[in-house]
Amino acid sequence: MATDHNSKPTNSNKNNKKRKNYLPYNKAVKKGAYPLHAGVEGFFITCDGGREHQASNEAINVIESFYEELLEDAELKVEQAELPKKPVNKITKFASDSSDSDNDDDDDKGSSKDEANDKKSLETVEDIDKNAVASGDDESTLGTENGVPLENPTHADKAEPENQDIKEAEALGPPAKRQCTDADAPDSGSLPKKIENKSVDKLIEAELAELGDRSKRRFSKLDTGCNGVVFIQMRKREGDPSTKDIVQHMMTSLAKTKKHVSRFLLRVLPVEVTCYTSEEEIRRAIKPVIEKYFPVENEKPRKFSVLYDARANTGIDRAKVIDAVAKSVPCVHKVDLANPDISIMVQIAKTICLIGVVEKYKELAKYNLRQLSGSPSKEQ
């Protein structure tokens with residue numbers, strides 16, 4: 001009986017096995033990625049399937065590099081515009097002012113006389129030096145006083161005063177260090193107090209804290225929930241270029257240089273507005289974009305097209321979305337699918353609609369990085 005009792009598992013062992021399946025108590029649990037939601041601005045990027053994590057990290061690095069290039073170009077243009085034009089060195093003469101011309105002639109004559117006097121004085125000085133040198137070369141005339149010859153001074157005797165000065169300076173020792181006083185300190189009134197008080201270590205700590213805080217990052221990734229799709233959110237600050245400008249600069253520079261900058265990225269598209277996938281929400285959210293790129297007062301009409309693509313959403317009608325976007329554009333502008341000046345991009349990922357504007361979409365290989373850089377693309 002004792003052997004049978006020991007062979008049976010106890011209830012405590014069963015409970016221990018079950019408790020291992022629960023989350024640990026009082027320990028940090030890794031949260032999931034931040035999901036894509038309405039009201040954000042950023043970049044919609046397609047990538048290789050299963051490489052979303054690597055593609056998002058690579059996308060942040062690529063976008064930051066082109067963002068910094070765009071800022072540097074803007075600063076150079078501003079500096080060139082602020083530089084004053086060089087004055088033209090021209091002598092202006094007025095024929096009507098006879099008195100001024102006479103004065104100028106007198107000044108020229110006076111200056112020529114001064115130059116002649118200077119030359120004469122220089123010639124007299126040179127003659128005196130030559131005579132002194134000629135008289136100093138005779139050893140018989142050197143060091144004579146009342147007809148009695150004196151000993152010629154040697155080089156060692158001449159160097160004695162200099163050596164004595166050096167010995168006295170060494171005996172006194174190195175000069176005492178002068179302490180910096182408040183009066184000698186540079187004027188720091190122009191510098192802000194924050195920079196004066198903070199040390200380098202504190203500034204580095206503040207920068208690391210800013211990088212660690214996700215809400216303060218300029219570029220961060222959001223989970224779209226779709227395979228082969230990445231979204232990079234951009235938090236715009238004062239003076240920052242728009243997402244359209246960054247992507248346009250990226251594509252034009254890659255088209256010129258043919259430089260391979262990515263391994264996992266395919267297409268990079270700007271997103272200026274995000275909303276939920278309903279016709280009413282799309283009409284309301286697209287109004288600021290239409291007012292910005294399709295003004296009514298524009299004399300020259302613009303040709304446009306609508307680019308639509310949906311992922312993980314079969315409940316919305318494609319024709320209704322395109323019709324809602326096209327009707328929101330003023331009647332002055334016309335639809336041209338063959339050669340549009342500007343294209344309105346509508347991308348749907350699950351329940352979120354992303355809207356942006358692109359230019360020269362077909363000329364720039366449909367914003368495909370691999371085709372622009374010359375490498376083969378897996379996406380068709």
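**Exercise 1. Glu359 and its partners**

Task: Decide how exposed Glu359 is in this predicted model, and find which residues it joins through salt bridges.

Solution: Start with the accessibility of Glu359, which is 22% in relative terms in this predicted model. Buried would require under 20% and exposed over 50%, so Glu359 counts as partly exposed.

Next, look for a partner of opposite charge. Glu359 forms a salt bridge with Lys244, and the closest N and O atoms of the two are 3.3 Å apart. Because Glu359 lies in the loop between S11 and H12 while Lys244 belongs to helix H8, this pair ties together parts that are 115 residues apart in sequence. Lys244 has a relative accessible area of 9%, and is therefore buried.

Then look for another partner of Glu359. The side chains of Glu359 and Arg302 also meet in a salt bridge, at 3.9 Å from N to O. Arg302 lies in the loop between H10 and S8 and Glu359 in the loop between S11 and H12, so here the parts tied together are 57 residues apart in sequence. With a relative accessible area of 23%, Arg302 is partly exposed.

Finally, put the pairs together: salt bridges that share partners join Lys244, Arg302 and Glu359 into one network.

**Exercise 2. Another salt bridge**

Task: Find how many salt bridges the structure holds, and work out which parts of the chain the pair Arg218 and Asp240 ties together.

Solution: The structure holds nine salt bridges. One of them links Arg218 with Asp240, whose closest N and O atoms are 3.4 Å apart. Arg218 is in the loop between H7 and strand S4 (219-222), whereas Asp240 is in the loop between S5 and helix H8 (243-257), so the pair connects parts that are 22 residues apart in sequence.

As a last step, consider the cover on each residue: Arg218, at 23% relative accessibility, counts as partly exposed, while Asp240, at 13%, counts as buried.

**Exercise 3. Strand S1 and the strands beside it**

Task: Determine with which strands S1 pairs, and say whether S1 is covered.

Solution: Begin with the cover on strand S1 (residues 42-47), where six of the six residues are buried. Now take its pairing with strand S5 (residues 229-234), to which S1 is joined by five bridges in an antiparallel arrangement; within this pairing, Thr46 stands opposite Val229.

S1 also pairs with strand S6 (residues 265-271), again in the antiparallel sense and over five bridges. Here Phe44 stands opposite Leu269, and the bridge partner of Ile45 is Val268. Because seven of the seven residues of S6 are buried, S6 is largely enclosed by the rest of the structure.

**Exercise 4. An open sheet and a helix packed on it**

Task: Give the order of the strands in the open sheet of five strands, name its edges, and identify a helix that packs on it.

Solution: The order is S7-S11-S10-S8-S9, and the pairing is mixed. The edge strands are S7 (273-276) and S9 (334-335), since each of them pairs on one side only. At the S7 edge, the pairing with strand S11 (residues 352-358) is antiparallel and has four bridges, with Val273 matched to Ile355 in S11.

The helix is H11 (residues 318-327), which packs on the sheet by touching strand S8 (303-311) and strand S10 (342-349), and whose direction makes about 145° with that of S8.

**Exercise 5. Two loop residues compared**

Task: Classify Ile286 and Glu363 as buried or exposed, and locate each of them along the chain.

Solution: Ile286 is placed in the loop between helix H9 (279-285) and helix H10 (287-293). At 0% relative accessibility, Ile286 counts as buried. Leaving out residues up to four places away in sequence, Ile286 touches Val325, Ser328, Ile344 and Ile355.

Glu363 is placed in the loop between S11 and helix H12 (369-373). Its relative accessible area is 60%, so Glu363 is exposed. The C-alpha atoms of Glu363 and Asn339, which are 24 residues apart along the chain, are separated by 9.9 Å.

Notes. Residues are numbered from 1 along each chain as its sequence is written. This is a predicted model: local features need pLDDT of at least 70, side-chain atom pairs count only at pLDDT 80 or more; totals for chains, interfaces and linings use all residues. Side-chain values use heavy atoms; hydrogens and water are left out. Two strands pair if DSSP finds at least two bridges between them. Contact means heavy atoms within 4.5 Å. Axes are lines fitted to C-alpha atoms, for helices over the stretch in contact, and angles run from 0 to 180 degrees between N-to-C directions. Buried means under 20% relative accessible area, exposed over 50%, partly exposed in between (1.4 Å probe, protein chains only). A salt bridge is a side-chain nitrogen of Lys or Arg within 4 Å of a carboxyl oxygen of Asp or Glu.
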